[in-house]
Amino acid sequence: MNILAAATEPVAPVASGGVLLAAALASIALIVVLITYVKLHPFLALLLGGVAVGVLAGRNVMDVITSFGEGFGATATSVGLLIALGAMFAKLLADSGGADQIVDTIVGRSSVRTLPWAMALVGAIIGLPMFFEIGLVLLMPVIYLVARRAQVSLITVGIPTLAGLSAMHGLVPPHPGPLAAIGALQADLGTTLALGVLVAIPVIVVSGPLFGKLAGRWVVVDAPHTFDATPVSNADARRPSFGVTLFSVLLPLVLMLAKAIVDIVINDPENNVQQVFDVIGYPLVALTIAVLVAMFTLGRGSGMDRRQIAKTVEMSLPPIAGIVLIVAAGGGFKQSLIDTGIGTQLADWAQGSGVSAIVLAWVLAVLIRLATGSATVATITASSLVVDLVANMPAAEVSLVVLAVGAGSVFFSHVNDAGFWLVKEYFGLDVVQTIKSWSLMETVLSVSGLVFVLALSLVI
């Protein structure tokens with residue numbers, strides 16, 4: 001079942017292939033310039049880019065505005081709701097102490113030799129429901145403490161943690177990028193989720209503990225004393241148990257994966273069991289159930305009263321307002337591109353040239369990521385360009401294209417990426433050290449992601 005049911009069939013091209021290609025390139029260049037040089041908010045840049053591509057392609061201005069509005073509304077309705085629910089869950093996990101419980105349980109049982117692997121696992125679990133920036137800020141005190149206790153470079157334990165967070169951010173829903181790509185390409189969320197986790201595991205191993213061992217030799221820095229202990233907001237609060245916390249984190253994933261499995265095994269829309277799983281495994285329903293359950297298991301389980309739980313949920317929404325607008329504007333830009341017919345032209349070219357849709361999607365995401373510094377913008381734009389290329393593909397192959405876009409969207413974070421500066425300052429690095437550790441880690445993650453996606457394409 002697709003999470004985005006908007007009308008995405010392209011209208012007949014209104015201009016020649018050369019004009020359409022020029023219009024698409026000009027609109028993307030406009031977005032890049034507006035974000036990079038003018039410092040315009042990506043929401044406004046995508047809005048202007050969406051209008052520009054239609055006008056440059058020769059479409060009526062009102063038709064272009066209508067196309068953008070339809071894409072914006074459909075994406076805000078589907079993907080925006082999921083992002084909001086994910087933010088609520090992540091805030092409950094953080095404020096209840098559940099995230100701290102996961103960290104302490106896993107790290108506390110690890111030896112010095114296995115610490116990088118444990119930190120990668122922590123990053124992956126925390127990264128499932130949380131945005132990268134939130135997960136990083138939450139885990140920095142732990143990374144500092146672990147590095148000091150183990151007497152190793154901050155990079156040796158920090159890079160595996162960042163790899164876990166970044167892989168989940170780029171590859172696994174309900175993060176905004178993967179959700180936007182799933183919506184744009186009409187991919188099945190359950191299938192993409194299952195394949196995303198399957199790809200993320202080896203990717204985290206390669207870019208996390210393995211690369212972290214090398215990076216820790218290249219960049220040797222001691223942990224600062226910024227956080228000597230994790231602050232506790234309420235001295236009387238208690239943490240939910242590790243088992244309860246893990247159950248809460250994995251519940252939405254289990255529900256969505258169960259739906260995908262039941263659909264494959266039973267494959268009968270009239271079957272009562274399949275109908276039940278189709279409902280509870282539908283992304284919006286699964287995440288709603290997870291948030292409601294977390295209010296009890298994490299909220300009440302940590303000693304919060306109803307007023308505190310309500311405040312936590314309320315405080316989760318303002319920080320993600322900008323993200324929702326960017327993703328929704330990306331949906332509008334996607335629809336503007338589709339309605340020019342450029343997608344059809346690009347699909348015809350790609351099929352005639354023999355270029356793999358997976359490789360093409362990855363390359364497009366890489367180029368836009370390098371230009372804009374935004375993984376979300378790269379995901380939105382690249383997936384918009386390959387919509388028609390995946391139109392007749394089986395569901396599993398479409399999911400692999402989504403993952404290729406996600407892998408490309410994290411390639412070589414550098415000075416135009418806010419994440420670059422966040423890592424630099426928290427780890428106390430200079431620019432060169434940040435490139436040798438963080439930027440190269442993101443590159444290893446991106447390339448290994450493409451390799452594992454291509455490997456999966458051979459057996460699916």
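1. The side chains of K424 and E425 meet in a salt bridge, with 2.9 Å from N to O. The model is a predicted one, and the pair should be read in that light. The two partners sit in unlike surroundings: K424 is buried, at a relative accessible area of 15%, whereas E425 is exposed, at 55%. The cut-offs matter here: K424 is called buried because its value is under 20%, and E425 is called exposed because its value is over 50%.

2. The count of salt bridges comes to six. One of them joins D417 to R369, where the closest N and O atoms are 3.3 Å apart. D417 lies in the loop between helix 18 (395-408) and helix 19 (418-427), and R369 lies in helix 16 (residues 357-372), so the pair ties together parts that are 48 residues apart in sequence. Both residues are covered: D417 is buried with a relative accessible area of 11%, and R369 is buried with 3%.

3. The link between D417 and R369 does not stand alone. R369, D417 and E442 are connected in a network of salt bridges. A check of this group should start from R369, for which the relative accessible area is 3%, and then take in D417, for which the value is 11%.

4. A salt bridge within one helix is also present. The side chains of D95 and K91 meet at 3.6 Å, N to O. Both residues lie in helix 3, four residues apart, which is about one turn of the helix. D95 is partly exposed, with a relative accessible area of 33%, and K91 is likewise partly exposed, with 27%.

5. Helix 3 comes up again in the nonpolar core. The largest nonpolar core has 141 residues, and those with the most contacts inside it are L162 and F427. Helix 3 gives the most to this core, with twelve residues. In soluble globular proteins, nonpolar side chains tend to be buried together.

6. What does L162 touch, once its neighbours within four places in sequence are left aside? The contacts of L162 are F132, L136, V423, F427, W438 and M441. F427, one of these, is named with L162 as having the most contacts inside the core.

7. A nonpolar patch is found on the surface. V55, V61, M62 and I65 form this patch, and together they have about 340 Å² of accessible area. Its largest share, three residues, comes from helix 3 (residues 61-95). V55 is placed in helix 2 (residues 42-56). V55 is partly exposed, with a relative accessible area of 38%, so it passes the cut-off of over 30% that patch residues have to meet.

8. F211 is found in helix 9 (residues 189-218). Is F211 buried or exposed? F211 is buried, with a relative accessible area of 7%. Leaving aside neighbours within four places in sequence, F211 is in contact with I159, V206, W218, K436, S437, L440, M441 and V444. M441 therefore appears in the contact lists of both F211 and L162, because each has heavy atoms within 4.5 Å of M441. As a long-range reference, F211 and V273 are 62 residues apart in sequence and 45 Å apart in space, C-alpha to C-alpha.

9. S383 lies in helix 17 (residues 375-385) and counts as buried, at 1% relative accessibility. A polar atom of the S383 side chain lies 2.7 Å from the backbone oxygen of T379. Not counting residues up to four places away in sequence, S383 touches A181, A184, L185 and V405.

10. G331 has its place in helix 14 (residues 321-340). At 5% relative accessibility, G331 counts as buried. Which residues does G331 contact, leaving aside its neighbours within four places in sequence? The contacts of G331 are G71, F72 and T75. G331 and S248 are 83 residues apart in sequence, and their C-alpha atoms are 30 Å apart in space.

Key. Residues numbered from 1 in each chain as written. Predicted model: local features only at pLDDT ≥ 70, side-chain atom pairs only at ≥ 80, totals over all residues. Heavy atoms only, no water. Patch = residues over 30% accessible without salt bridge, like charges linked within 9 Å, V, L, I, M, F, W, Y side chains within 5 Å. Areas by Shrake-Rupley, 256 points an atom, 1.4 Å probe, with all protein chains shown as cover. Salt bridge = Lys/Arg side-chain N within 4 Å of Asp/Glu carboxyl O. Helix = DSSP H or I, 4+ residues; strand = E, 2+ residues; numbered from the N terminus. Buried < 20%, exposed > 50% of the residue type's maximum accessible area, 1.4 Å probe, protein only. Core = buried A, V, L, I, M, F, W, Y, C linked by side-chain atoms within 4.5 Å. Polar contact = N/O pair within 3.5 Å; in protein donor to acceptor, adjacent residues only side chain to side chain.
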